[in-house]
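Student: I have a model open and would like to learn how its labels are earned. Could we go through it together?

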Amino acid sequence: MRKLLFLLIIWLSTSSFTQQQKVTLSLKNVTVKVALEALQAQSDVSFWFSTKDVDVQKIITINAKSELIDDVLKRILKGQDVYFEQKEDHIIISKRSSATQKPVAHTANCLNQNISGIVTDENNEPLPNVSIHNIKTSVGTVTNSNGKFLIVLPDSVKTLVFSFIGMIPIELQAYNGMRVKLQPNNKQMNEIVITALGITRDKKSLTYSSQSITEEEISKSSDLNIATSLSGNIAGIDVKQSATGNGGSTKIQLRGDKNITSTNQPLFVIDGVPMANYQTSDAYGFYSGRDSGDGLSNINPDDIESMTVLKGANAAALYGSQGSNGVILISTKKGSKGATKITYRSSYGTTNVSELPALQYTYGQTSAGSETSWGTKGNYNDNVKGFFKTGHTLQNSITMSGGSDKTTAYFSYGNVSSTSVMPTNKYSKNNISFRQSTKFLDDKLTVSSNIMLTMESIHNTILSGYYWNPLLGLYNFPRGLDFDYYKNNYQVMDQNRNIMAQNWPILTNSEGQMNPYWILNNDENDTKTKRMIANVLLNYKINKGFLLSARGTYDYTNQLYTLDAKATSSSVLVSDNGRYIYSNLNSWQSYGDLMLTYDKNIGRLFNIHMIAGASYQKRVIGDGLSIDSNVYGLSVVNNFTIQNIASLSAFVNAQQMASRLIKESIFGNASVGYKNRIYLDLSGRSDWASSLAFTNNSHYYYPSAGLSLIMSQILDLPSAINFAKVRTSFARVSNEIPSFRTNPTNSVSVNGVLLNTVVPFTKLQPEMEDNLEMGLEMKFLDNRLDFDASYYQIDSKNQYLQLSAPSGSGYTNFYVNAGHIRTRGLELTANATIIKSRTFEYKTSLNFCTTHNKILLLSDQFTGYYQIPGGGEGYDMLVKNGGSMGDIYVSAYQRDAAGNIVLDDSHIPVKAKEEKKIGNAHPDWMLGWNTNLTYKNFNLSFVIDGKFGGKFVSMTEAYLDANGVTKATADARDAGGVNVSGVLDNGTPWAGMVNAQSYYTGTSGRGGIMEQYIYDATNVRLRQAVLGWTLNLHKWIRTMTDINLSLVASNLFFFYKKAPGDPNTTISTGNGTQSVENFELPLTRSFTFNIKVNL
Amino acid sequence: MNKLYSLLLILAFFVGITGCTNGFESTNTNPYGVTQEDLTQDYMNIGGYFAQLQQNIYTIYGDLQVEQNLTGDAFAQYMVTPTPFMSNRNNVTYKFVWYGSRWNNDYAKIMPVILYFKRNEVDKQFPNFYAWANVLKIFAMQRVTDNYGPIIYSQYGSTNSTINYDTQQKVYYSFFSELDSAVSVLTTYAKQGNLAFKKFDLAYAGNVSQWVKIANSLRLRLAIRISKVDPVRAKYEAEKAISQSYGVIENNIDNLNIALNGTIHPLWIFSQGWSDARMCATVGSIMGGYNDPRLPVYFAPATDILIPGTYTGIRQGIDISSKSTYVDFSSLGSMYETAKSVQIMTAAEVAFLRSEGALRGWNMGGTAQYYYNQGIGLSLTQYGLSNSYNSYVNDKTSTFAPYVDPKNSLNSFTPSSSITIKWDDDASNEQKLERIITQKWIAVFPDGQEAWSEFRRTGYPKLLPVVVNYSGGSISTSQFVRRTPYPDEEYTSNPAGVAGGVALLGGPDTGGTRVWWDAGGSNF
């Protein structure tokens, strides 16, 4: 199947139909190219053709006076084996032979004057609006909403050309009852991209980098969280999943960390409306962090049509501050005209633990009652094996769409229920989505609305860190004791209290260690999230290229979290009668915008596209009640209600609001195209943000500018190069500061008022980010090879920092605008179709990115370092002048001037007072490699992704080593101790064996020498392998079009990995605990079987 | 078309109402906070902060654990933790891991209030409140300087990038002069019978004369503290305290106890809630040796199967490999479960201060013996044990008991002191002082901060050295810990200031350097 060599330009809106336009042209001895350009300059049409099809260097002479374009064109192209067809405002010229392909439909001999038939796409879906005509005559028609057409042809006419945007035009013998199947053209044909504010643009005109993934790729991964499918598919994106399992947050970074305290997460936009990220609780630090989820998992993956990643602020200038970290645009499915389409998808997956910490079972408990295993050698049972379960995930979804000329509708229902490898952990989700679009007022006004409802429920979400973590008790269980006994008898009757009491050998551990089965069954937590997103969009086509649109959205989430910890849980966490944690928070956002779009061809050379608009956004996050009975206790044992909380002190700060923001904006954008080869893009935006109230800076303006040159149109490039474009853009984006900072208030405490000690910073300014980007896109060899490269430099200034005030200043904290962070990076995407035959296709794509940043200046007044909140226990992320964002500092060996490790009197290495920089949390570069093989109806694809460089810290290992339960400690004991060499305090060198127990208890554990637990974070994995089979059932069952079966394997294996666990998971989405793990869930591998039926 | 224009009109209306920034200030104000405007009612903008001042001298919240329980309380050998925090390398074993908390808490909760009052002219408009706030501040800040040595005081509130420290001597002198003006203001109001404090007073129901007495008592405590390094000023201040018209506190009813108002006593949380506080072996040795009736009040019997029902503590600074080893040793007494207040200063302590003053030849209104016996009597009465008074004060045989660690004999010890209870006029001054301070140590329980300071100043009672010392040589085992290092935050936010502070300290910023009033050597 040969590909057509068009370079298509798709203009957004239509100008008047120009077929009958008349032109006057008088040219002598010019090339065809010049003639066409002259013709184009006079008319409103553009000509789309490939230099392969049309000999543009041919010298011609033409004289036309007020003639129809068609006729003039015919004369210009006289003698060339081409035909042309008019499509709206452009005329496609293509080689005649390329259109006379073997018809897909059956041929018939009968030839009638009345020809009727149906045109469908490759899935046998009727295609409306397909242009049908004959080249020789002016007859033509289009298909109706059911894909049907009727045309009356003179006898002389024997063929018809069928053409449709995005499809390969085809010329066929005409006969009555034709069934025409159009094949889609390669994506390059139809590169319409969705840009900021949901505006569709021709990719060619973009002055910045963007990359999309389609429904196909999203549904392929069958992941519950849509963000995961971006990993490996998009250059420059770093996706780390929360370690808390289903329903958890995702840390997504585009182009690295740029902000010290504010988020580095990109903005998600659904159908043009910014989605509020409702993360109300982050698994922050190493204790009992709870990840509230970030709302991304609320979205039903089956509703998504495509996702487009706008990587830099340049792309996102129109979103203002929220877009400064890039934007991920989600387009959801819409109803389409024609017969009702029903898609049913079902999938079943299993997840299993694929790697456990390296533990030992050869040395027993140190002594009776001890929580460590430094005891006698023996052969003990592996208590970890058998603990983790196989997780099951069942997903079902049904989508329906259909409609008439006036109204289309889409409905979907999705259901997920899953269990994880952690016993008792359950996740379930129901999504309902309904969308409709109706045309009014002679089709000039389109009203679309969409409502998405989500109910998500998580039982026993995995809490990160030491507290309430079953893994703590599981891994540290003193070897030699009977784990099965404690498993089967995790609770026993306490006659004194008449309650079931926890049964576990270690009940007083300072990290709150408990019987894992007790935690799972008696310290249960539940998260219930309800979300509703409703939006309405009005589009009104005013004449002459003006389009007015108005949009309103209300997005509401309620999340209820409870933890009911029963009496006799660890006393570190739970008081005598139990502990009750209750959090009921509402978050909501209302958003509205009004936008006027104008498209116009000015004269013959220029095309302009302009937008002017205003938006209003009010967002409240985490408003509600959070109460924790904590040490204040409960009155009645194991009664988990608010009224049962024993002390009023528990209610201090119970009522909270994380943030409240109003933002009003006006924005404008103008894009000017010159002869389809030079594009200039300018935008400006001004924001008024409530978080800057009480300052003089409540309003901030930021501009962007971009230029792209289609070199393949400007220069005569070798024919192997089909397309070449260079682009550059500059954008400044400002970011408002968090809420409530400019007017800090006192808080109520039990007996009075707590004086605010934060300096009210009335000079606060918005953060500022300057982005410069350059890019090159090229396509070669009949578009079978293409690449897109971007280089960028981002300068982040005026970073908002909360610093510890000197204690003598009268305050505890103050805010500054400081810092200058420079980020530079390179992104590269290459796609190749290596083999393409009728039955076999081999496609591959490569994504590469590297990003580095440097803190050029932290603050001129401040010479120390800034510690990003979240670390501790020998792990910190510090921001220092000259350093980089993501620098990890850990407690280190004390070394003498010569670098020797200093030993104490017992020959145990001494921990240095200062923490030492050991590297960066971020990879030096990342690679994603996709391979897609199609043979007939079979499809096999792989995603391999690699992150190279960066460091990873394991707190778990440090803890387990100190307790003598790791394999390393057993090996050391087997070897007679740990080989230590260093210098004593007096400078004398010493080398020899040190008793393993003294060594590990002296250097490991919480707050130990973490320098021992640094790993190279480099990893290369087979992220995903998919085997699919599509069967066209239409032949046999008329009601079914096709059925698709696929088997997906995720995280199948690593080609390379040094760190324990998965270095790509993260404790929190915050900036302070990256590339570190502390009793996280072990690495898992999953297999999913999918079935998808189109009815 | 008319329909369309109506629609546009509606849209324009929506845009119109959004196009103003009037609501921005209220939007950007936390709805669950309290603004200064809210607080003008009921004078909450002044009185509202007194809970914070009163409840952060002996912090009533969990912060107290690292601020005092794992610092002063452990160093005074009142309480130690059975938990091997940081692989047992922590404050208790002389490896300082918690040392910034007291400083950070008081500079966040106490000092800013005084500055706020000063900046808002509370000192001029409401001199009584300002004087009261200053008394509370000195109670708190004395603990800070006693902990660290030189501190930020006269330069507090400076806008310079470097905030300089004052010597401890200068800080103490400031305390005295601030007490002068506070006492003078409060005396005037006391004489008027002013009840302005009533709504905010967590100790004396607004009775100003009580605050004058406690201010005088505080002056006496300060004077005794500097008695070795600055005896002339000490005598002058001590006599001034006694001779002030309201005098010092003399009855248990005058004790400064700050109401908890619904909060659990922090010691109960550490002991019962977190199982992190247990009796120190030294308490068992001293109070057990004396058959002290207060022992079963202060502590609960051990539940460990080796020593059930006994009052057995854990020695400070020992090797602990697992929390379970010592967790069932004596924990705190149930009085802390029901405690309604925390104790800051008692009449018993004041009596012992007067006893020492008299021993030093100052005019304290009575003899050393008189106040010694009075101190014991007041303390026993405080716990409802006045019946034991006679037998107790006349016990001339009981001495410190030996300690046996049932888990690890390395920790067992024989006491080095033979001091008894009964006053002996023929004893040397050192012996008399040992007797006074030993009894004061028993009486000021559970305020380990004060007991540790007095131990550092006098060397009494004779405490036990640590068995394991992870200070890396910075703290001598035989010399005990002398102070806590400056917080890390000072090194980052005020590096030149803290460097100056260390220079004024006159030694390295470790737990081994003595503060100004800790002169060492003989007490006389």
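Tutor: Gladly! Let's begin with strand β42 (residues 840-857) of chain A and strand β48 (residues 925-935) of chain A, which run antiparallel and are joined by 11 bridges. Opposite A:Thr850, in β48(A), stands A:Trp925. A word on the source: this is a predicted model, where local features need pLDDT of at least 70, side-chain atom pairs count only at pLDDT 80 or more, and totals for chains, interfaces and linings use all residues. Residues are numbered from 1 along each chain as its sequence is written, chains are lettered from A and ligands numbered from 1 in the order in which they are written, and side-chain values use heavy atoms, with hydrogens and water left out.

Student: What makes β48(A) and strand β49 (residues 938-948) of chain A a pair?

Tutor: Two strands pair if DSSP finds at least two bridges between them. β48(A) and β49(A) have 11 bridges in the antiparallel sense, so by that definition they pair. One bridge links A:Met926 to A:Lys947 in β49(A). In the hairpin of these strands there are 2 residues between them, and A:Lys936 takes a positive phi near 50°.

Student: What counts as a strand or a helix here?

Tutor: Both are DSSP runs numbered from the N terminus: helices are H or I with at least four residues, strands are E with at least two. By that reckoning chain A comes to 12 helices and 58 strands.

Student: Why do β43 (866-872) and β47 (911-920) of chain A stand at the edges of their sheet?

Tutor: The open sheet has 4 strands in the order β43-β44-β45-β47 (chain A), with antiparallel pairing. β43 and β47 of chain A each have a single partner strand, so one side of each is left without a neighbour in the sheet. Neighbouring strands here are turned by 35° against each other on average, direction ignored. Within the sheet, β44 (residues 875-879) and β45 (residues 887-893) of chain A pair over 3 bridges, and A:Asp876 has A:Tyr889 of β45(A) as its bridge partner.

Student: How do you know which pairing the sheet β53-β50-β57 (chain A) has?

Tutor: This open sheet of 3 strands has mixed pairing. Strand β50 (residues 951-954) of chain A pairs with β53(A) in the antiparallel sense over 3 bridges, whereas β50(A) and β57(A) run parallel and are joined by 2 bridges. Two examples: A:Lys951 is bridged to A:Asp1016 in β53(A), and A:Val953 stands opposite A:Val1076 in β57(A).

Student: Why is B:Ser285 called buried?

Tutor: Buried means under 20% relative accessible area, exposed over 50%, and partly exposed in between (1.4 Å probe, protein chains only). B:Ser285 has a relative accessible area of 3%, so it is buried. This residue is found in helix α16 (residues 281-289) of chain B. Not counting residues up to four places away in sequence, B:Ser285 touches B:Phe400, B:Ala401, B:Phe413 and B:Pro415, where contact means heavy atoms within 4.5 Å.

Student: What makes A:Cys849 and B:Cys280 count as buried?

Tutor: A:Cys849 is at 5% relative accessibility and therefore counts as buried; B:Cys280, at 0%, therefore counts as buried too.

Student: How many disulfides does a search of the whole structure find?

Tutor: The search finds 0 over all chains; a disulfide is a pair of cysteine sulfur atoms within 2.5 Å.

Student: Why do you say that the buried residues of α2(A) line one face of the helix?

Tutor: In helix α2 (residues 69-76) of chain A, the buried residues are A:Ile69, A:Val72, A:Leu73 and A:Ile76. Seen down the axis, they fall within an arc of 100°, so they line one face; the arc is that of the directions from the helix axis to the C-beta atoms. An α-helix has 3.6 residues a turn, so residues three or four places apart point the same way.

Student: And what makes helix α8 (residues 101-109) of chain B mostly covered?

Tutor: The count does: 8 of its 9 residues are buried, among them B:Trp103, B:Asn105 and B:Tyr107.

Definitions and conventions. Axes are lines fitted to C-alpha atoms, for helices over the stretch in contact, and angles run from 0 to 180 degrees between N-to-C directions.
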